[in-house]
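Welcome, and please get your viewer ready. We will go from one selection to the next, with a short note on what to look for at each stop.

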Amino acid sequence: MEANRFGPILLIPIEIKWILPAKFKGLSQTCITRAESAGSIPARRVRRLFSFQRHLLSSRLLRGAPHLNPLHILDEDYCGQAKCMLEKVGSWNFDIFLFDRLTNGNSLVFLTFNLLNQYGLIELFQLDMVKLRRFLVLVQEDYHNQNPYHNAVHAADVTQAMHCYLREPKLAQSLTSFDILLGLLAAATHDLDHPGVNQPFLIKTNHYLAALYRNTSVLENHHWRSAVGLLRETELFSNLPAEDSLSIERQLGSLILATDISRQNEYLSRFRTHLDENDLCLGNASHRHFVLQMALKCADICNPCRPWELSKQWSEKVTEEFFHQGDIEKKHKLEISPLCDSEANTIASVQIGFMTYVVEPLFAEWARFSDTRLSQTMLGHLGLNKASWSAMEPEASGSSEEGESEPGRKQGSKRCLF
Ligand SMILES: [Zn+2]
C-alpha cells in the first residue's frame, strides 16, 4: 500500500526539462538558458549531454578512478581557504558567494557534505560515501546555474541558514538526528531544477508541470519529486529499512511543500496560534516537524536578514530573475506578472514590499519562538536593510501616502515570489 502512495514519483522522468507547447516554442529556448540561447545547440540536446556526462562520471567512479572528477571532498589538500571558511559555517555573516568561488562553484556539495559529517550523520546512518558524493553532485548539477537567483548557490545559502537555525537552543535540545538529516536535505534540495520562472508563468504557458500538479504548488512538487528521483537513482538510503526511506521521502515533501510562498499565511497563522497558546511541545514529533517547516521557510527567505553586503547581492539577483521573466512575458505578449515589469518596478520597490509583507511578519514570529541573539541580529539587519532601500526609493517605503497602491504591491509581493 505504501508503494502505491509513492507510485507517481516513478512516472516523472528526472531529465524532462522545460518543454512548452508549440504555440510558445520560442519561449523554451529563452527560458532554459540565456547562455545557451546564444549558441546553436538546442537546450534539450544540452540536457542530454549533461545526462551523458552524469553517466560517464558515475561509471568512472564505480570503476575506481575518482581522480578524473574535479571534486575531492575527502582530500586533505582541497582548497585551504574554503576549509578555513567551513570552521565558521555556523556564522550568520558566512559569505556564501566567496565560499562558492573558493570551491570553484561547488559550494552546495562541499557545504552539505561538511554539515552532514559535522553532525555525525554519515556515520550514524552509515551512508555510503560514494553514493552520498554522487547524490550531492547530482543535486548541485540539477540546479540551473544560468538562473540569477534560483541556483545552487541559493540552495547552499539556505542550507547554511538552516544549519544556523538547527543550532538554536530550542531546536538543538529537542531535534533528533533524523530531524537534522531531513532539515539539511530539504534545504539542499528545496528548489531543485527550478526553471527560473514562477508558478503563474507555468500555468499561463500551459507547461506540463502545471497540468501534472493541477496548478497547485507546481514548483515545490517538482522540486520534491526531483529530489526523490535522485535519492532513488543513487540509492543513498538503500541500507535503511524500506519504511524509513519512504518516511524520509514523505517528510522531505512536507518540508519542501511548506516553502510555497502562496501558503505563507496558512503556516504563519498556525505558528502564531501555537505561540499565543504556548502549546508547542518539541517532544512531539509532529510539532518538531512543524518547527522544521518554519525553520526552512525562514531559511528560504532570510536574504533581507543578512548583512547588507550579502543581502544586496541577493536582492539584485532575485530582481534580475523577475525582470527576465517579465521580459519573456512582454516579448510573447503575455500579461506581465506582478513585480516582473522592469519599467514599473525597481530593486528597491520590490525589496521594500517583500520585506514589509512577507519577511517581517515571519521573522517577528520566529523571534517570539526563538528569542535569541541570532533572531535579534536578523531583525536588526532587516530593519537596516529596509532603511537602506527606502533611502533609495522614498516613495516606495511602507509609509507611502498612496493608499491605493499599497494593497496592490502587497498582493504582488506575495504572488510573484518563487
Ligand atoms: Zn528557495
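**First stop: an exposed loop residue**

Select N104, which has a relative accessible area of 67% and is exposed because that value is over 50%. This is a predicted model, so please read each stop in that light. N104 sits in the loop between α6 (96-102) and α7 (107-118). Look at its backbone as well: phi of N104 is near 60 degrees, a positive value in a residue other than glycine. Most residues other than glycine have a negative phi.

**Zoom out: the whole chain**

Now show the protein chain as a cartoon. You should find 22 helices and 0 strands. Colour by burial next: of the 418 residues in the chain, 57% are buried. How far apart in sequence are the residues that touch? Among contacts between residues at least 6 apart in sequence, 77% join residues at least 24 apart.

**The zinc ion**

Centre the view on the zinc ion. Which protein atoms are its donors? Select H154 (NE2), H190 (NE2), D191 (OD) and D300 (OD), which lie 2.0 to 2.2 Å from the zinc ion. Their spacing along the chain is H-x35-H-D-x108-D. Within this group, the pair H154 and D191 links distant parts of the chain: H154 is in helix α10, while D191 is in the loop between α12 (177-189) and α13 (199-204), 37 residues away.

Try the angle tool here. The angles among the 4 donor atoms run from 85 to 170 degrees, and the site is irregular. For comparison, the ideal angle for four tetrahedral donors is 109.5 degrees.

**H154, one donor at a time**

Keep H154 selected and show helix α10, residues 152-166, around it. Is H154 buried or exposed? H154 is buried, because its relative accessible area of 0% is under 20%. Now display its contacts, leaving out neighbours within four places in sequence: H154 touches Y149, H190, D191, D300 and W314.

**D191, in its loop**

Move to D191, in the loop between α12 and α13. D191 has a relative accessible area of 4% and is buried. Draw a distance between the side chains of D191 and H154, and you will find a polar contact of 3.0 Å. Not counting residues up to four places away in sequence, D191 touches Y143, H150, H154, H223 and D300.

**D300, at the end of α18**

Next, select helix α18, residues 285-300, where D300 is found. D300 is buried too, at 2% relative accessibility. What does its side chain meet? The side chain of D300 makes a polar contact of 2.9 Å with the side chain of H190.

**What the record marks**

While these residues are on screen, add the positions from the record. An unreviewed UniProt entry places the feature "binding site" at H150, N151, A152, V153, H154, D191, D300 and Q351. Among these positions are the zinc donors H154, D191 and D300.

**Helix α9**

Now select helix α9, residues 129-142. Its 14 residues reach 20 Å from the first C-alpha to the last, close to the 20 Å expected at 1.5 Å a residue. Colour its buried residues: L132, R133, F135, L136, V137, L138, V139, Q140 and D142. Then go to the start of α9, where a side-chain oxygen of D128 comes to within 2.9 Å of the backbone nitrogen of V130.

**Helix α15 and its two ends**

For the last stop, approach helix α15 through the loop between α14 (208-212) and α15, where R214 lies. R214 has a positive phi, near 50 degrees, in a residue other than glycine. R214 counts as exposed, at 69% relative accessibility.

Then select α15 itself, residues 218-234. This helix has 17 residues and reaches 24 Å between its first and last C-alpha, close to the 24 Å expected at 1.5 Å a residue. How many of its residues are buried? The helix is mostly covered, with 15 of its 17 residues buried. Finish on E235, which follows α15 and has a positive phi, near 55 degrees.

Notes: Residues are numbered from 1 along each chain as its sequence is written. This is a predicted model: local features need pLDDT of at least 70, side-chain atom pairs count only at pLDDT 80 or more; totals for chains, interfaces and linings use all residues. Side-chain values use heavy atoms; hydrogens and water are left out. UniProt positions are given in the numbering used here, feature names are shortened, and annotations may be inferred rather than shown by experiment. Helices (H or I, at least four residues) and strands (E, at least two) are DSSP runs, numbered from the N terminus. Buried means under 20% relative accessible area, exposed over 50%, partly exposed in between (1.4 Å probe, protein chains only). Contact means heavy atoms within 4.5 Å. A polar contact is a pair of N or O atoms within 3.5 Å; within protein, one must be able to donate a hydrogen and the other to accept it, and residues adjacent in sequence count only if both atoms are side-chain atoms. The expected span of a helix is 1.5 Å times one less than its number of residues. Donors are N, O and S atoms within 2.8 Å of the metal (3.2 Å for Na, K and Ca); water is not among the atoms, so sites may look incomplete. Four donors count as tetrahedral if all angles lie between 85 and 135 degrees; four count as square planar and six as octahedral if opposite donors are over 155 degrees apart and all others between 65 and 115; anything else is irregular.
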